[in-house]
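Work through the exercises below with the sequence and the 3D view open. Try each task before reading its solution.

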Amino acid sequence: MGSAEVEHEAVSNFRKYLRISSVHPNVDYSECVEFLSSYAKDLRLPVRVVEVHPKKPIVVITLAGSNPELSSVLLNSHMDVVPVSPECWSHDPFAAEKDENGNIFARGAQDMKCVGIQYLETIRRYIKEGLTLKRTVHLSFVPDEEIGGVLGMALFIEHEEFKKLNVGFCLDEGMPNPTEEFLLAYAERPIWHLTLKCSGTSGHGSLLHDNTAGEKVHYLINKFMQFRNSEKKKLLSNPALTVGDVTTVNLTMLKGGLQSNVVPAELQVTFDIRVAVDVDHKHLVDTIKQWCNEAGGGIEMDFEAQDPLMGLTKLDDSNPWWLAFKRECDKMNLSLKKVVFPGGTDCRFLRNIGIPALGYSPMNNTPNLLHGHDEYLNEKIFLRGIDIYYNIIKAVASS
């Protein structure tokens, strides 16, 4: 085999990690823990496993700094991945196959096992060079981010082991971008999952009853879709906006009914709402309550999730972490596009306790296939990401 055909060690490790099927539902994290613990042993770094909830382990690998009294840098990634529809993939989603163009296909290739390995391989370079950073750097690998992080990072930040880390700044996942620009997330929209339970007159399906659950659901769907359309127009009318700058509304579930000739006593409709960062939460709730009253009453609002206003990471001279990050990007001539992350990541838990956090995955010139079919990452983009992290992490850990 010629040297040109030899696969880079970092790429091989990336593909090994992708082959671990840490997929929802009911993820078994034991193989991930074993893989990461072995990685730490290979790097001769201390590793500890914190179980914040039964079967929800968090792996922490630490590179000690020369001044451990300073606040540390946390490099966070999640071990879990979302489900797949294998019949819709051109490659086995857990085989990490690489095509002739160097594209590596696997669930988690973009979201976000790539970043976890890039962190580790960056640390490997520091160790090989005998480089000691001023600040301690912790790498955390957490569970359940893809289902909200309630039993993962949300519990970890309250745990004594997290407090011992003395975290001053966090890097976490961002998004791929098909252009030359790199996306940088400094904020996230609150997540609201709202079910409206509509009660009404029940009876025979051949009659025209008043005050039915179906009429109420119809009215509410119309109101939410009108709101959705207004936000969509706002997004499309301003090229400077991204989807994270508006409130998104999607109808995700409809439930109810006994059989086709019985008017049901209750119907339920569920909406996934991601609230723009500049929206008054009380006003939005009051508006939804008003719609429920206009629909005829007898409607129960049930929030499965109702995030409060989220913390923002300042991107100005008041934030030395940002200044160090931006300085290195400028040196590398990387073009950054600052965005509000459209989904939810573990960054929100850090920001909400006052820790600055940036969502950044070095994946430009890459189509966004997060949670999509045939998710892939090119090996050249992956390897360049290690070069980028090498400079950025060194800069923030030396600030």
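The exercises look at an annotated site and the residues around it.

This is a predicted model, in which local features need pLDDT of at least 70, side-chain atom pairs count only at pLDDT 80 or more, and totals for chains, interfaces and linings use all residues. Residues are numbered from 1 along each chain as its sequence is written, and side-chain values use heavy atoms, with hydrogens and water left out.

**Exercise 1.** Find which residues the UniProt annotation "binding site" covers.

*Solution.*
- Step 1: The record, an unreviewed entry, lists His-78, Asp-111 and Glu-173. UniProt positions follow the numbering used here, feature names are shortened, and annotations may be inferred rather than shown by experiment.
- Step 2: Check the spread. These residues span 96 residues of sequence, yet they cluster in space, with a largest C-alpha distance of 8.8 Å.

**Exercise 2.** Place His-78 and decide: is His-78 buried or exposed?

*Solution.*
- Step 1: Locate His-78. It sits in strand 3, residues 72–78. (Strands are DSSP runs of E, at least two residues, and helices are runs of H or I, at least four; both are numbered from the N terminus.)
- Step 2: Apply the cut-offs. Buried means under 20% relative accessible area, exposed over 50%, and partly exposed in between, with a 1.4 Å probe and protein chains only.
- Step 3: His-78 has a relative accessible area of 1%, so His-78 is buried.

**Exercise 3.** Find the side chains that make polar contacts with the side chain of His-78.

*Solution.*
- Step 1: Recall the rule. A polar contact is a pair of N or O atoms within 3.5 Å; within protein, one must be able to donate a hydrogen and the other to accept it, and residues adjacent in sequence count only if both atoms are side-chain atoms.
- Step 2: Asp-111 makes such a contact at 3.1 Å.
- Step 3: Glu-173 makes one at 3.2 Å. Glu-173 lies in the loop between strand 7 (167–172) and strand 8 (182–188).
- Step 4: Glu-145 makes one at 3.1 Å. Glu-145 lies in the loop between strand 6 (137–142) and helix 4 (153–156).

**Exercise 4.** Why does Glu-173 count as buried? Which residue follows in the same loop?

*Solution.*
- Step 1: Glu-173 counts as buried because its relative accessibility is 4%.
- Step 2: Gly-174 also lies in the loop between strand 7 and strand 8.
- Step 3: Gly-174 has 3% relative accessibility, so Gly-174 counts as buried.
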